[in-house]
Amino acid sequence: MKLLPRSLFAFAAAALVAGVSVAQQTPPRPVVPRPVVPEAPVPPPPDVEGKSWVLMDYNTGQIIASKEPDMQVEPASITKVMTDYVVSAEIANGKIHMTDPVTISENAWRGGGAGTDGSTSFLKLNSQVPLKDLLYGMIIQSGNDAAIALAEHTAGSEPAFANLMNAYAKQLGMTHSNFENASGYPIANHYTTARDVAVLSRALIHDFPEDYAISAVKEFKWNDITQHNRNLLLWRDNTVDGIKTGHTAAAGFCMAASAKQGDARMIAIVMGAGSEKGRADAALALMNYGFRFYESHKLYAAGATLASPKLWKGAENTLPLGTTEDVLISVKRGDYDKLKVNLDFPSTLIAPFKKGQQVGSLRVTLDGQPVTTVPLVALSDAPEGGFFSRLWDTIMLWFHSDDSGKK
């Protein structure tokens, strides 16, 4: 017990001398039991079909492997992943509803109906279709008419909806994409990249899991016509649960796919493959590579106390800090023990704080390179203390390094 004041004095002196503004701590990390066997090498990723492709770890957003990830390409019906995201977001915002009756306009009927050479849900002109059925028709059957009808109902017109698509794309950080329509039907200035589609796919899975689940449905019947999902991987591998396919002569065969095994989820994007089978083979090979040679772990559970630094002028003397979501990590096999974790937060914390308020960051690095950064938040409300305790802390703060400017 006698060592504690001396340690605190030494820390305060060091902080005053160095003038640091950020505290760093390394919280304990769960130890993963491992058999004592020689570590096998990790091979390079498979050389698969496609003009460009990306393998992304869902938990961290890290690109594990890629080929020409930022090459601008035509997305064909992969466009509908963006349409799905926008419609799902507008539903979540209360602007439109799953039960809304949607009128099938002549533009939707002519532009994406049975008379075209594209995929269609065979919607009838001037009929009214529940929005939910249009969403199923667009995602499972890849119906162009359903996509156009959804766009017109959501934004008033397809061009206005395209502007909304681009606004959401910018918000998601899709920096190399531009959308001109909701269906992906070939048109000038309509492009994306494999990396951007991966970013979009991850956001769809995270933000709208119930809508994303539609992409795992294998068939959908509308107007007495049953059509099967074009994602062949749904029949090949029961861990695959999405996402979308696309094809035009110019775009080639494209696929956004995702699979989940335990805590790990992989996202594979393949653009411009030579055949329907080729894109499916490529996407599955990439995801299997990720699952086989990368490992996922839960570093910390949501709500767990990772640090309890001193709290000044508070009703309590410490402030519990943690994360609002589980901290999951995926690294190359054998690299888990090389991870370093640091908690960064101001060296002087002065009440009040609200539960959930960001106080600092949890940083995970590997060999000095950033792996992920997660907000570090207050795990409970921390109101101000009484008059005399605040007065006492005000006096004591004169002897404490005040780098936060909150004294």
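## A walk around the model

Select Phe-122 to begin: with a relative accessible area of 28%, this residue counts as partly exposed. Keep in mind as you go that you're looking at a predicted model. Phe-122 sits in the loop that links helix H3 (106-112) to strand E5 (128-130). Check its backbone, too: phi is positive, about 60°, even though Phe-122 is not a glycine. That's worth a look, since most residues other than glycine have a negative phi.

Stay in that loop and click on Asn-126, which also lies between H3 and E5. Is Asn-126 buried or exposed? Its relative accessible area is 58%, so Asn-126 is exposed. Here again phi is positive, about 65°, and again the residue is not a glycine.

Now highlight residues 131-140, which form helix H4. Seven of the ten residues here are buried, so the rest of the structure largely encloses this helix. Which ones are buried in H4? Pick out Leu-131, Leu-134, Leu-135, Gly-137, Met-138, Ile-139 and Ile-140. Just past the helix, stop at Ser-142, where phi is positive, near 60°.

Next, show two helices together: H2 (residues 79-92) and H5 (residues 144-155). Their axes come within 11 Å and cross at roughly 35°, and the crossing is left-handed. To see who touches whom, turn on side chains for Lys-80, Thr-83, Val-87 and Glu-90 on H2, then for Asn-144, Ala-147, Leu-150 and Thr-154 on H5; these residues make the contact. Notice the spacing along each helix: an α-helix has 3.6 residues a turn, so residues three or four places apart point the same way.

Time for some peptide bonds. Zoom in on the link between Gly-242 and Ile-243, which is cis, with omega about 20°. Ile-243 belongs to strand E8 (residues 240-248). Then jump to Ala-351 and Pro-352, where the joining bond is cis as well, with omega near 15°. You'll find Pro-352 in the loop between strand E16 (349-350) and strand E17 (358-366). For context, most peptide bonds are trans.

Last stop: switch on the surface and select Phe-387, Phe-388, Leu-391, Trp-392, Ile-395, Met-396, Trp-398 and Phe-399. Together they make a nonpolar surface patch of about 1000 Å². Finish by centring on Trp-398, in the segment that comes after helix H11 (387-397). Why does Trp-398 count as exposed? Because its relative accessibility is 65%, and the cut-off for exposed is over 50%.

How values were computed: Residues are numbered from 1 along each chain as its sequence is written. This is a predicted model: local features need pLDDT of at least 70, side-chain atom pairs count only at pLDDT 80 or more; totals for chains, interfaces and linings use all residues. Side-chain values use heavy atoms; hydrogens and water are left out. Patches are made of residues with over 30% relative accessible area and no salt bridge: like charges are joined within 9 Å, nonpolar side chains (Val, Leu, Ile, Met, Phe, Trp, Tyr) within 5 Å. Accessible areas come from the Shrake-Rupley method with a 1.4 Å probe; for residues, only the protein chains shown count as cover. A salt bridge is a side-chain nitrogen of Lys or Arg within 4 Å of a carboxyl oxygen of Asp or Glu. Helices (H or I, at least four residues) and strands (E, at least two) are DSSP runs, numbered from the N terminus. Buried means under 20% relative accessible area, exposed over 50%, partly exposed in between (1.4 Å probe, protein chains only). Axes are lines fitted to C-alpha atoms, for helices over the stretch in contact, and angles run from 0 to 180 degrees between N-to-C directions. A crossing is left-handed if the near helix is turned anticlockwise from the far one by less than a right angle, and right-handed if clockwise. Contact means heavy atoms within 4.5 Å.
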